[in-house]
Amino acid sequence: MRVTKDSRAMRRREPSTEQGRRTRAAIVAAAGQLMYERGVAATSLDDVLNACGAGKSQLYHYFGGKQELVAAVIDHQLRGILANQPRLEHLQSWADFDGWAADLLALQSGPAGTAACPLGSLAGELDDDPGLHQELDAAFRTWESFLAGGLDRLRERGLLRADADPARLAAATMAALQGGLMLAHLRRDITPLQDALTMALAHLRSHRP
């Protein structure tokens with residue numbers, strides 16, 4: 001699935017060798033896991049290096065510092081989220097939207113239980129950093145853009161009212177999804193997510209012709 005977000009992490013020169021790409025990916029993956037588990041503030045660069053086995057010179061070769069590493073983590077988490085929602089890129093009917101929601105519920109109903117959203121969990125920590133706040137907002141907007149694209153296709157097919165605003169509907173759906181994910185994780189109960197998605201889909205359908 002395409003990720004169009006043009007983040008600082010993506011604009012930096014990518015490693016020219018396969019080994020370099022593997023090393024950079026290992027650093028970002030380790031940072032992503034630690035920041036997901038502990039939070040950004042509680043994860044030091046030394047923690048990341050210890051977890052992935054890379055050297056400090058390697059980290060600073062690929063990243064100018066922690067801020068750039070966090071930007072790369074945002075992109076990494078977005079890619080993982082989109083990879084777990086393969087229907088997003090091909091939403092063309094109301095049944096497709098139902099299938100997308102069912103996939104999310106199935107994912108959260110697995111053996112690991114309800115999980116916090118990897119992007120949502122960063123939101124509260126990055127408010128004080130304007131650059132990273134923009135990075136995170138861009139990631140959410142990229143995620144939303146796939147929903148908006150599907151709604152655009154529904155409108156083109158006459159399945160959504162001509163005066164409906166796909167971008168606004170996609171943002172409302174994301175708001176419901178994030179609230180459902182947060183409460184489901186907090187309560188270790190899939191019901192809030194299930195209810196949030198049911199209401200979000202009903203809201204979308206209320207804009208049918």
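Let's start with Cys117: in this predicted model, its relative accessibility is 8%, so Cys117 counts as buried, the limit being under 20%. Now set Cys52 beside it. Cys52 comes out at 24% relative accessibility, and therefore counts as partly exposed. And how many disulfides does the structure hold? The count is 0. As a reminder, a disulfide would be a covalent bond joining the sulfur atoms of two cysteines.

Cys52 takes us nicely to our first helix pair. Cys52 is among the helix 3 residues that touch helix 2, together with Asp47, Val48 and Ala51. From the helix 2 side, the contact is made by Ala26, Ile27, Ala30, Ala31, Leu34 and Arg38. If you sort the residues of this contact by character, you get 8 nonpolar, no polar and 2 charged.

As for geometry, a packed pair of helices is described by the angle between the axes and the distance between them. Helix 2 covers residues 18–38 and helix 3 covers residues 45–52; their axes lie 9 Å apart, at an angle of about 120°. Why do we call this pair oblique? The roughly perpendicular range stops at 115 degrees and roughly antiparallel begins over 145, so an angle of about 120° leaves helix 2 and helix 3 oblique to each other. Their crossing is right-handed.

Now, please turn the model to the second pair, helix 9 and helix 10. Helix 9 runs over residues 166–187, and it packs against helix 10 at an angle of about 170°, with the axes 7 Å apart. That is over 145 degrees, so these two are roughly antiparallel to each other. Here, too, the crossing is right-handed.

Who meets whom in this pair? Helix 9 brings Leu169, Thr173, Ala176, Leu177, Gly180, Leu181, Leu183, Ala184 and Arg187, while helix 10 offers Pro192, Leu193, Ala196, Leu197, Ala200, His203 and Leu204. The residues of this contact divide into 12 nonpolar, 3 polar and 1 charged.

I'd like to finish on one of those residues, Leu197. Helix 10, where Leu197 is found, spans residues 191–205. Is Leu197 buried or exposed? Its relative accessible area is 2%, so Leu197 is buried. Setting aside neighbours within four places in sequence, Leu197 is in contact with Leu177, and also with Trp100, Ala101, Leu104 and Leu105. For a sense of distance across the model, look from Leu197 to Lys56: they are 141 residues apart along the chain, and their C-alpha atoms are separated by 44 Å.

Technical notes. Residues numbered from 1 in each chain as written. Predicted model: local features only at pLDDT ≥ 70, side-chain atom pairs only at ≥ 80, totals over all residues. Heavy atoms only, no water. Axes fitted to C-alpha atoms, helices over the stretch in contact; angles between N-to-C directions. Helix = DSSP H or I, 4+ residues; strand = E, 2+ residues; numbered from the N terminus. Parallel < 35°, antiparallel > 145°, perpendicular 65-115°, else oblique. Left-handed = near helix turned anticlockwise from the far one by under 90°. Contact = heavy atoms within 4.5 Å. Nonpolar A, V, L, I, M, F, W, Y, C, P; charged D, E, K, R; others polar. Disulfide = S-S within 2.5 Å. Buried < 20%, exposed > 50% of the residue type's maximum accessible area, 1.4 Å probe, protein only.
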